[in-house]
Each structure stands twice: as C-alpha cells, then as structure tokens.
Amino acid sequence: MHIGIDLDNTILDATSAHLHYYNIASGLSFTPDDVNDFYLYRLYGWNQDEIDAVYIKYGHDIHWNSSPLPMAVDILQELYGRHQLSIITARPPCFREVTMDWLKRHDISYHHIAFVENKLQACMDAKVDVMIDDGPHYAEQFGRANRPVILYEQPYNLSVAGDRIYRAANWMEVRKHIDCLETQLNLV
Ligand SMILES: [Mg+2]
C-alpha cells in the first residue's frame with residue numbers, strides 16, 4: 001500500500017514543543033491539558049502577524065526539539081519494509097531542512113516527503129491509499145471524498161467521525177488499521 005503520514009501530532013509530539021516555545025515567547029504557562037484546538041496558537045490570543053513572527057523566530061527549535069510519539073519510530077520502520085511511505089506535512093517549505101534532519105536524527109525511513117497544504121489533492125495525485133493524520137479538517141475532507149484516513153487521536157479531534165475515518169489512540173492501533181485496510185484492498 002501507499003501510506004501518507006503527517007508529522008506534527010501524528011509521528012511526533014508537536015503540542016509539547018510548541019507550548020514550550022510559545023510560553024517563552026509570551027511569558028504565559030500553558031500545558032498540554034489546556035489544548036483543545038488544532039490551532040494551538042489561538043490559546044495565546046496572537047493575531048496573524050504575531051503568530052507569524054513567533055513561528056519564524058522559534059519554528060526551527062520547535063521542530064528540532066519535538067519528540068517522536070511512543071512506538072512511532074519502531075512501527076514506521078516495520079511499515080517501511082512492506083509499504084510505500086510518503087510523509088505529507090503542511091509545514092512551510094522553509095522548514096524542509098530541519099524536518100529532514102529531524103527524521104534522520106530519529107532514524108525514520110520514508111520513500112517521499114511533501115510540504116503541501118492541500119493534502120487531499122497531494123494524496124489523489126500520488127495515489128495514496130490511506131492517510132494518517134490528526135487534523136480534524138483533513139479527516140473530514142478525506143471522509144467526504146470517500147478516501148480512508150486514520151485519525152491519530154488528539155484532544156481537538158474527538159468529535160470527528162465518518163465511515164472512512166479510522167480512529168487510532170496510539171501507533172499500535174495505527175498498525176492494526178493498516179493491516180485491516182491491506183486485507184480489504186487485497187480482497188477487492
Ligand atoms: Mg498534524
């Protein structure tokens with residue numbers, strides 16, 4: 001299968017890294033328990049110019065210092081041997097280098113990487129069979145297009161549901177969904 005995989009809050013814990021640097025920038029002290037919005041910066045009440053400035057200043061450190069989610073590296077390694085893996089992230093291309101360095105640092109193997117906002121289009125173009133992502137809007141878009149998506153569970157996507165939306169609370173559950181989808185594809 002060709003599997004599309006998001007990075008932030010899917011392969012790695014973006015929430016903790018963002019909060020750490022956003023707290024430094026703001027002098028506030030939010031914790032992961034305060035996060036209930038995919039757009040975490042909204043907690044801080046910044047306008048677009050402010051968030052852009054903070055992201056330009058701290059983005060590199062945020063991305064470099066994020067930790068992989070439990071079992072993500074091991075399971076990706078396992079999947080790499082059997083499937084085509086495309087990392088599909090909406091990070092801006094200016095963070096391409098730190099992103100690729102981070103993947104290398106954590107020994108994460110993949111076949112392709114794309115920096116795009118329109119993930120649905122990217123997946124259709126590249127014939128991706130299933131996307132793994134935490135973004136509520138992406139899951140809904142994929143669901144509406146009748147394309148399977150494994151929704152990596154985060155506090156802000158708990159209400160998202162649909163026929164082709166497969167919820168995973170951790171990477172062991174991601175692997176189970178991949179195995180089921182592979183069986184279904186082979187039966188078609
Ligand atoms: Mg994400």
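## The nonpolar core

The largest nonpolar core in this predicted model has 30 residues, and Ile3, Ile5, Met131, Ile132, Val149 and Ile150 are the ones that touch the most other members. A core here is a set of buried Ala, Val, Leu, Ile, Met, Phe, Trp, Tyr and Cys residues joined through C-beta atoms within 7 Å. Buried means 20 or more other C-beta atoms within 10 Å of a residue's own, with C-beta atoms placed from the backbone.

Two or more residues each come from β1 (2–5), α3 (72–80), β4 (84–89), β6 (130–133), α6 (136–144), β7 (149–152) and α7 (171–187). The top contributor is β7, with 4 residues. Helices (H or I, at least four residues) and strands (E, at least two) are DSSP runs, numbered from the N terminus.

Take Met131: leaving out residues up to four places away in sequence, Met131 touches Gly4, Ile88, Lys119, Cys123, Phe142 and Val149. Contact means C-beta atoms, placed from the backbone, within 7 Å.

## Two domains and where they meet

The domain assignment splits the protein into domain 1 (2–13 + 67–187) and domain 2 (14–64); such bounds come from an automatic or database assignment. Their centres, taken over C-alpha atoms, sit 23 Å apart.

Each domain puts 12 residues into the contact. On the domain 1 side, β2 (12–13) and α4 (96–105) give two or more residues each, with the largest share, 3 residues, coming from α4. That side has 7 nonpolar, 3 polar and 2 charged residues. Ala, Val, Leu, Ile, Met, Phe, Trp, Tyr, Cys and Pro count as nonpolar, Asp, Glu, Lys and Arg as charged, and the others, Gly among them, as polar.

## Reading the numbers

Residues are numbered from 1 along each chain as its sequence is written. Since this is a predicted model, note the cut-offs: local features need pLDDT of at least 70, side-chain atom pairs count only at pLDDT 80 or more, and totals for chains, interfaces and linings use all residues.

How values were computed. A residue is buried if 20 or more other C-beta atoms lie within 10 Å of its own, exposed if 12 or fewer, and partly exposed in between; C-beta atoms are placed from the backbone. Two residues are in contact if their C-beta atoms, placed from the backbone, lie within 7 Å.
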